[in-house]
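Visitor: Could you take me on a close look at a single part of this model? I would enjoy one connected answer.

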Amino acid sequence: MSSNDPDCPFCGIVAGEIPGRIVAETDRTTAFLDANPLAPGHTLVVPNDHHERLDDLGEDLASEVFATLHRLTPAVEAAVDADATTVAFNNGPAAGQEVPHVHGHVIPRFSDDGGAPIHVVAGDRPDLSDDELDAIADRIGEH
Ligand code: 5GP
Ligand code: ZN
């Protein structure tokens, strides 16, 4: 049983209703080229079912999405002769997620591409004390 959203472009690509340059498929995931690539070979990996955020995925499906990313990343690098890749999820609108269907970006990187590491994506850096860091670590561990 699959679930999809009629307004979602990625559900449309998975269903074959919207054109997409599909590069890999498994039973429960699909990978296709980004329509507005940040670099040649920019690829998106999605679960076939419509889920908005990473924590909406069951553990099996999350593992399958990661397995597809893992298998595809060297293939993308080889296809465009990239030096590296940035592999990332915008997980929620405040993080810049525009399409509300979980998708992992595989962005080929080149030593002279003028880009930046993932550290630049957040806002101002907080100045946290050791106590604050300890309390945050405890709260994360409790979940
Ligand atoms: P987000 O900001 O949600 O993490 O990224 C959405 C990505 O999906 C963008 O990089 C955008 O270029 C891509 N995108 C949006 N609509 C379509 C579409 O209809 N087809 C494809 N192939 N990519 C899309
Ligand atoms: Zn969808």
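Visitor: And to set the scene, what percentage of the residues in the protein chain is buried?

Guide: Happy to help! This is a predicted model, in which local features need pLDDT of at least 70 and side-chain atom pairs pLDDT 80 or more, while totals for chains, interfaces and linings use all residues. Residues are numbered from 1 along each chain as its sequence is written, chains are lettered from A and ligands numbered from 1 in written order, and side-chain values use heavy atoms, without hydrogens and water.

Of the 143 residues in the protein chain, 30% are buried, meaning under 20% relative accessible area with a 1.4 Å probe, protein chains only.

Now to the zinc ion (ligand 2). Cys8 (SG), Cys11 (SG), His50 (ND1) and His101 (ND1) coordinate the zinc ion at 2.0 to 2.3 Å; donors are N, O and S atoms within 2.8 Å of the metal (3.2 Å for Na, K and Ca). The angles between these four donor atoms run from 106 to 117°, so the arrangement is tetrahedral, a label that requires all angles between 85 and 135 degrees. For comparison, the ideal angle for four tetrahedral donors is 109.5 degrees.

Along the chain, the donors follow the spacing C-x2-C-x38-H-x50-H. His50 sits in the loop between strand S3 (43-47) and helix H2 (59-80), and His101 in the loop between strand S4 (84-88) and strand S5 (104-109), so the pair ties together parts 51 residues apart in sequence. Helices (H or I, at least four residues) and strands (E, at least two) are DSSP runs, numbered from the N terminus. His50 is buried, at 19% relative accessible area, and His101 is buried too, at 0%.

Terms used. Tetrahedral: all angles 85-135°; square planar, octahedral: opposite > 155°, others 65-115°. Buried < 20%, exposed > 50% of the residue type's maximum accessible area, 1.4 Å probe, protein only.
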